[in-house]
Amino acid sequence: MSGGRDQRPDQGRVFDELVDFFDAMARSRWYGPLLQDFAVWAAGDLPPGGRVLDVGCGPGHLLLALAPRFDEAVGLDISPGMLDRAAANARAAGLERIRWVQGDAARLPFADGTFDLAVSSLVLFLLDDPAAAAAELARVTAPGGRAAVLVPSNLCSPDSAAGLARRRGFQGFDAESLVQWSRVAARRRRDDPESLAHLLESAGLEAVDIWPRLEGLALLARGRRPGGGTGGKSGGGPAGEPGVGPGVGPGGGETGGR
Ligand SMILES: C[S@@+](CC[C@H](N)C(=O)[O-])C[C@H]1O[C@@H](n2cnc3c(N)ncnc32)[C@H](O)[C@@H]1O
């Protein structure tokens, strides 16, 4: 792990207490498959190689899924405890070459345009200034590269999460973590497709498309950083891929029965 350990240490310590919870959640029946799908969809048709960044990487599971198709992979988190767990998970997966950096999503310690893909999963909704973090995500994305986020939607509530858990037969930690996530989302921030598209477009991304998942309780979004002469690699996706436009209502684009 590298990077300054002095950045917002209090907030980092708060998340240190939650390492076990988020590590287990990333392996749960509702979030594990969603993270894997997010990795595939976010990288989409980007050519193999290049650099990938995961902002607020937590225990690192999204980056473990992405790293094999990139030359360089960097996970950033404010919590040293999360980074230690991410490094241990990477060692266990034989992915020691991933670099783990402590830092703040609102002030990323990377030059403009460093990454071909910058992702962030279940982080923006926790931040006091999600627009600043989205702008940073876009800034460090290379022209023609892609940024992608996963957030809770405005349909996400303890009632809707409990209903989803019931319908899909989630029990124990699987059900509890889903409802717990919805409680935090209800207290913090939930987006509809329009507000999420606006957040990413205001950050400087274009060709934003959105994929509602978990019966619309979660939204995946990806956009392209203008420039780079790729003529719009992000956005459309390969034929048959379930990306939908930002105007499509929540719940309208989910496939795969998850
Ligand atoms: C809900 S967890 C998600 C972890 C991981 N992205 C995942 O999907 O499993 C939120 C993560 O964001 C990190 N985080 C919170 N505030 C942050 C900030 N200002 N800068 C960087 N990371 C932050 C937390 O330490 C935690 O690891």
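# A tour from helix α3 outward

Select the buried residues of α3 first: the elements that cover them include α2 (19–25), α4 (61–66), β4 (115–121), β5 (141–152), β6 and β7 (218–224). The model on the screen is predicted. The tour starts at this helix, moves to the sheet, and ends in the loops.

**Stop 1: helix α3**

Select residues 31–43, which are the 13 residues of α3. From the first C-alpha to the last, α3 reaches 18 Å, close to the 18 Å expected at 1.5 Å a residue. Now colour Y31, L34, L35, F38, A39, A42 and A43, the buried residues of α3. Where do they lie around the axis of α3? They sit on the same side of α3, because the arc they cover is only 145°. A general rule helps in reading this pattern: an α-helix has 3.6 residues a turn, so residues three or four places apart point the same way.

Go one step past the end of the helix. G44 comes just after α3 and takes a positive phi of about 45°.

**Stop 2: the whole chain**

Zoom out and show the cartoon. The protein chain has nine helices and seven strands. Of its 258 residues, 46% are buried. Among contacts with a separation of 6 or more, 73% are between residues 24 or more positions apart.

**Stop 3: the sheet**

Hide the helices and keep the strands. Seven strands form an open sheet, and they are ordered β3-β2-β1-β4-β5-β7-β6. The pairing in this sheet is mixed. Which strands are at the edges? They are β3 (99–102) and β6 (206–213), each of which pairs on one side only. On average, neighbouring strands of the sheet are turned by 15° against each other, with direction ignored. In general, strands of a sheet pair through backbone hydrogen bonds, either parallel or antiparallel.

Start at the β3 edge. Strand β2 (residues 72–77) and β3 run parallel and are joined by four bridges. To find one partnership, select G75 and its bridge partner in β3, W100.

Then cross to the other end of the sheet. β5 and β7 run antiparallel, with seven bridges between them. Here R146 has R224 in β7 as its bridge partner. β7 also pairs with β6 in the antiparallel sense, over six bridges. Select I210 to see the residue that stands opposite A221 in β7.

**Stop 4: strand β7**

Select β7 alone, then bring back everything around it. How many of its seven residues are buried? Seven of the seven are, so β7 is largely enclosed by the rest of the structure. Both of its faces are covered. On one side are A218, L220, R222 and R224, and on the other are L219, A221 and G223.

**Stop 5: the turn between β6 and β7**

β6 and β7 form a hairpin, with four residues between them. In the turn, L214 has a positive phi of about 50°. Next select E215, which is also placed in the loop between β6 and β7. Its phi is positive too, about 55°, although E215 is not a glycine. Is E215 buried or exposed? E215 is partly exposed, because 19 other C-beta atoms lie within 10 Å, and a buried residue needs 20 or more.

**Stop 6: the nonpolar core**

The largest nonpolar core has 76 residues. Select L66, A118, L137, L200 and A221, which touch the most other members. The element that gives the most to this core is α3, with seven residues.

Centre the view on L137. Apart from its neighbours within four places in sequence, L137 is in contact with V55, A118, S120, A147 and A203.

**Stop 7: two buried loop residues**

Select A105, in the loop between β3 and β4. A105 is buried, because it has 22 other C-beta atoms within 10 Å. Outside its neighbours within four places in sequence, its contacts are V55, G56, V123, L127, A133 and E136. Add D77 to the selection: A105 and D77 are 28 residues apart in sequence, and their C-alpha atoms are 7.6 Å apart in space.

Finish at L122, in the loop between β4 and α6 (130–139). Why does L122 count as buried? It does so because it has 24 C-beta neighbours inside 10 Å. The phi of L122 is near 55°, a positive value in a residue other than glycine.

Definitions and conventions. Residues are numbered from 1 along each chain as its sequence is written. This is a predicted model: local features need pLDDT of at least 70, side-chain atom pairs count only at pLDDT 80 or more; totals for chains, interfaces and linings use all residues. Two strands pair if DSSP finds at least two bridges between them. Axes are lines fitted to C-alpha atoms, for helices over the stretch in contact, and angles run from 0 to 180 degrees between N-to-C directions. The expected span of a helix is 1.5 Å times one less than its number of residues. A residue is buried if 20 or more other C-beta atoms lie within 10 Å of its own, exposed if 12 or fewer, and partly exposed in between; C-beta atoms are placed from the backbone. The arc is that of the directions from the helix axis to the C-beta atoms. Two residues are in contact if their C-beta atoms, placed from the backbone, lie within 7 Å. A nonpolar core is a set of buried Ala, Val, Leu, Ile, Met, Phe, Trp, Tyr and Cys residues joined through C-beta atoms within 7 Å.
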